[in-house]
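This report looks at enclosed and open spaces in a protein model, and at the sheet and the helix that accompany them. The sequence and the structure are shown first.

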Amino acid sequence: MKITIKKLGLCLGAVVMLAASLTGTAKAEEVIKFSAYFSPEGFTHKGIFAPLLREIEEESNGEIKFEIYSSGALGKMTQQYDLLKNGLADMSLYIPAYSGGRFPLSEAATLPFAFTSVSQGTLVLNELIEKWLAPEHKNVKLLFMHTPPPAGVISAKKTVAKVSDFEGLKMRSVGAVGTDILKVLGANVLTVPLPEVYAALERGVVDASIMDPVSSVSYKLHEPITKYTPLAFSSVATATAMNQRRWDSLTPEHQAIITGVIKRSLPRLIENYNGENRRSLDVMKESGVEIIEFPAEERERIIEKVLPLWAEWVEEKESEGVPAKAFMVDFEAARKKYADKP
């Protein structure tokens with residue numbers, strides 16, 4: 001068959017148009033910019049987020065990719081929410097208690113003796129996300145929340161073995177509620193960013209800090225301290241979210257992959273944290289950190305002193321227009337539901 005130049009041109013044009021059409025219908029690769037204030041060598045990356053992000057990439061058959069900016073490359077720990085809200089990062093994690101009252105209900109995790117384990121704290125918060133917590137995290141898609149092991153007291157030199165030992169102690173606090181707890185116990189409260197706690201302990205700027213073993217070892221705080229009292233009287237909630245516009249730009253299929261992987265990963269997160277907590281305690285002991293026993297009767301005295309903070313917190317939030325009383329009904333029910341989770 002004789003093909004003229006004109007016909008050949010028309011055929012080639014049709015092929016090009018078909019190729020363009022097929023390319024347009026193919027799923028484009030989604031590159032998600034993940035901002036991390038932590039080191040790629042620490043547990044938070046290796047034990048939680050590296051496996052989580054890798055599983056999302058694998059389940060999407062490579063259609064979702066993550067660009068990871070570690071060690072605060074895009075911003076400090078306290079700047080992560082604003083990075084997300086303003087679209088400078090697509091995905092990150094941040095600590096609501098560090099954000100100056102922006103997330104009042106999320107602060108409930110820091111109430112004294114709220115949680116007894118990683119499992120209880122993590123499961124309670126995630127159960128309350130849809131109804132209570134997500135609405136206060138504006139301009140972001142709140143994906144999940146978790147808590148590290150409940151914190152005790154790390155101390156450079158001084159022993160904390162009874163309630164009176166808090167009196168006059170220079171202590172670093174975590175958030176407004178943590179500050180209130182320490183003030184009730186008679187401590188002198190100082191605000192020190194987590195990356196600066198090592199130097200503050202080493203130089204005697206602070207005597208002690210509320211801290212859990214995993215965070216202590218992750219930030220090498222087992223080096224300047226000599227004592228740890230495992231009181232488990234405070235927790236810090238961490239939120240992981242995406243910029244809302246970036247989330248909305250994903251296909252429903254990609255959104256389902258992300259939420260599905262996260263839901264399946266929560267038991268692994270809890271298991272990994274529990275294992276890391278045990279390992280961190282061993283590291284502290286091997287470094288010569290003395291584990292201080294806090295007598296049960298002294299612990300009850302602390303509970304008696306700080307228990308009024310719950311009612312005060314509720315009343316303060318209600319006065320600010322936050323529905324804390326209604327929230328607390330669900331919060332208490334969830335705490336009871338997961339009370340026996342290790």
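The paragraphs below take up the cavity, the pockets, the sheet and two residues of one helix.

The model is predicted, and what is said here should be read with that in mind.

**The cavity**

The count gives one cavity of 30 Å³ or more, and about 80 Å³ of space lies in the largest cavity. Its lining is made up of G47, I48, P51, L52, F144, I262, S265, L266, R268, L269 and N272. Two helices, α2 (43-59) and α10, each supply at least two residues of this lining, and α10 gives the most, with six residues. Sorted by class, the lining of the largest cavity has seven nonpolar, three polar and one charged residues.

One of the lining residues is S265, which lies in helix α10 (residues 252-286). Because its relative accessible area is 7%, under the 20% limit, S265 counts as buried. Apart from neighbours within four places in sequence, S265 is in contact with L52 and E55; of these contacts, L52 is also listed in the lining of the largest cavity.

**The pockets**

The two pockets are set side by side in the table.

| Pocket | Volume | Nonpolar lining residues | Polar lining residues | Charged lining residues |
|---|---|---|---|---|
| Largest pocket | about 940 Å³ | 21 | 15 | five |
| Second largest pocket | about 480 Å³ | 10 | three | four |

About 940 Å³ of space lies in the largest pocket. Of the 41 residues that line the largest pocket, M77, I95, Y98, L194 and Y219 are the closest to its centre. Two or more residues of the lining of the largest pocket come from each of α2, α6 (175-184), β8 (208-211) and α8 (213-218), and α8 gives the most, with three residues.

The second largest pocket is lined by 17 residues, and N126, I129, E130, L142 and L143 lie nearest its centre. The elements that give two or more residues to the lining of the second largest pocket are α4 (118-127), α5 (129-133), β4 (140-146) and α10, with the most coming from β4, which gives five residues. Helix α10 thus appears in the lining of the second largest pocket and also in that of the largest cavity.

**The sheet**

Six strands form an open sheet with mixed pairing, in the order β7-β6-β8-β5-β9-β11. The edges are held by β7 (188-190) and β11 (290-291), each of which has a single partner strand, so one side of each is left without a neighbour in the sheet. Helix α6 packs on the sheet, where it touches β6 (170-172), β7, β8 and β9 (227-234), and its direction makes about 160 degrees with that of β7. Within the sheet, strand β5 (residues 151-155) runs antiparallel to β8 and is joined to β8 by four bridges; I154 has S209 of β8 as its bridge partner.

**N277 in helix α10**

A further residue of helix α10 is N277. With a relative accessibility of 18%, N277 counts as buried because this value is under the 20% limit. Leaving aside neighbours within four places in sequence, N277 is in contact with P149, P213 and V214. For one of these partners, P213, the C-alpha atom is separated from that of N277 by 6.0 Å, although the two residues are 64 residues apart along the chain.

Definitions and conventions:
Residues numbered from 1 in each chain as written. Predicted model: local features only at pLDDT ≥ 70, side-chain atom pairs only at ≥ 80, totals over all residues. Heavy atoms only, no water. Buried < 20%, exposed > 50% of the residue type's maximum accessible area, 1.4 Å probe, protein only. Contact = heavy atoms within 4.5 Å. 1 Å grid on protein atoms, 1.4 Å probe; cavity = no way out; pocket = protein on both sides within 12 Å on 5 of 7 lines; lining within 4 Å. Points joined across faces, edges and corners; volume = space filled by probe spheres on them. Nonpolar A, V, L, I, M, F, W, Y, C, P; charged D, E, K, R; others polar. Pairing = 2+ DSSP bridges. Axes fitted to C-alpha atoms, helices over the stretch in contact; angles between N-to-C directions.
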